Amino acid sequence: TGRNPENAAVAATTGLLRMLTPEETAGVMAHELAHVKNRDTLIMTITATFAGAISMLATFAMFFGGRRNSPLGFIGLILIMILAPLAAALVQMAISRSREYQADRLGAEICGRSLWLASALEKIAEGAARIENVQAESKPATADLFIINPLHARRMDSLFSTHPDTKNRVERLYELAGVAPPSSGPWG
């Protein structure tokens, strides 16, 4: 967390420290430090602010818009009210996924071993698949705070996911290492 490198903090849970080897933990920490270096918290805060502003403007258009002058009338305003926030949310999620790929790449450079992060991602994904995260499931907006998407309903690289698919992330990390990715993993 933190808006810039001078005001940032990175922490690990005791569960993560118990689950991972020291090398895998170093890979995860490097990934998180990459988020700090790239100012991803600030970028995602600005992105969320813009998405919220677009949603508010769409709502204002519904209630204060000139319905008499609109060629589509009331139906057009309802469509704008629904589609504008949806488009803003899709852009926000796409940016979030691209920031994760960027943090994976830079994190691999920071620690010098992309396979450490790849191994950590595999273990974390396996644990996330086995354990129901009730808190995250009840508040899906917190999903982007996790290194692996904790929501069981969203296991693919979809438009509505804040995280890239683990398999895709691991494959990219293996490519960075110049090694063929494994044929299977905790994702199936």
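1. Start with a contact worth finding on screen: the charged end of R172 sits over the ring of Y101, 3.6 Å from its centre. A charge sits over a ring here if NZ of Lys or CZ of Arg is within 6 Å of the ring centre and within 35 degrees of the ring normal. Aromatic pairs, on the other hand, come to 0 in this structure. For a pair, the rings of Phe, Tyr and Trp (its six-membered ring) need centres within 6.5 Å, with planes under 30 degrees apart counted as stacked, over 60 as edge-to-face and the rest as tilted.

2. Some housekeeping. This is a predicted model, where local features need pLDDT of at least 70 and side-chain atom pairs count only at pLDDT 80 or more, while totals for chains, interfaces and linings use all residues. Residues are numbered from 1 along each chain as its sequence is written, and side-chain values use heavy atoms, with hydrogens and water left out.

3. The overall picture: the protein has 7 helices and 0 strands, giving the pattern α-α-α-α-α-α-α along the sequence. Helices (H or I, at least four residues) and strands (E, at least two) are DSSP runs, numbered from the N terminus. Of the 188 residues, 35% count as buried. Buried means under 20% relative accessible area, exposed over 50%, and partly exposed in between (1.4 Å probe, protein chains only). The accessible surface is about 11100 Å², with 62% of it belonging to carbon and sulfur atoms; these areas come from the Shrake-Rupley method with a 1.4 Å probe, and for residues only the protein chains shown count as cover.

4. How much of the contact map is long-range? Among contacts between residues at least 6 apart in sequence, 64% join residues at least 24 apart. Contact means heavy atoms within 4.5 Å.

5. Now the inside. The largest nonpolar core has 12 residues: L16, L20, V28, A108, L117, A118, A120, L121, I124, V170, L173 and Y174. The elements giving two or more residues to this core are α5 (114-130) and α7 (166-177), and α5 gives the most, with 5 residues. A nonpolar core is a set of buried Ala, Val, Leu, Ile, Met, Phe, Trp, Tyr and Cys residues joined through side-chain atoms within 4.5 Å. A118 is a good one to click on: leaving aside neighbours within four places in sequence, A118 is in contact with V170, L173 and Y174.

6. More on α5. Its buried residues are S114, L117, A118, A120, L121, E122, I124, A125, G127 and A128. Residues three or four places apart on an α-helix point the same way, because there are 3.6 residues a turn. For length, the 17 residues of α5 should span 24 Å at 1.5 Å a residue, and the end C-alpha atoms are 25 Å apart, which agrees. The expected span is 1.5 Å times one less than the number of residues.

7. Helix α2 (residues 22-37) passes the length check too: its 16 residues should span 22 Å, and the end C-alpha atoms are 22 Å apart, which agrees. Buried in α2 are E24, T25, G27, V28, A30, H31, A34, H35 and V36.

8. What does A34 touch? Not counting residues up to four places away in sequence, A34 touches A103, L106, G107 and I110. A34 counts as buried because its relative accessibility is 0%. Its C-alpha atom is 9.9 Å from that of P5, 29 residues apart along the chain.

9. I110 is in helix α4 and, with a relative accessible area of 42%, is partly exposed. With the same sequence neighbours left out (up to four places away), I110 touches A30, L33 and A34. I110 and H31 are 79 residues apart in sequence, yet 8.2 Å apart in space, C-alpha to C-alpha.

10. Take a look at R39 as well. R39 is in the loop between α2 and α3, and its phi is near 60 degrees, a positive value in a residue other than glycine. R39 is partly exposed because its relative accessible area is 36%.

11. Last, α3 and α4. I95 sits in helix α4 (residues 73-111) and touches I43, M44 and T47, not counting residues up to four places away in sequence. I95 and I43 are 52 residues apart in sequence and 9.1 Å apart in space, C-alpha to C-alpha. I95 is partly exposed at 27% relative accessible area. I46, in helix α3 (residues 40-64), is partly exposed at 41%. The C-alpha atoms of I46 and Q92 are separated by 9.8 Å, with their places 46 residues apart along the chain.
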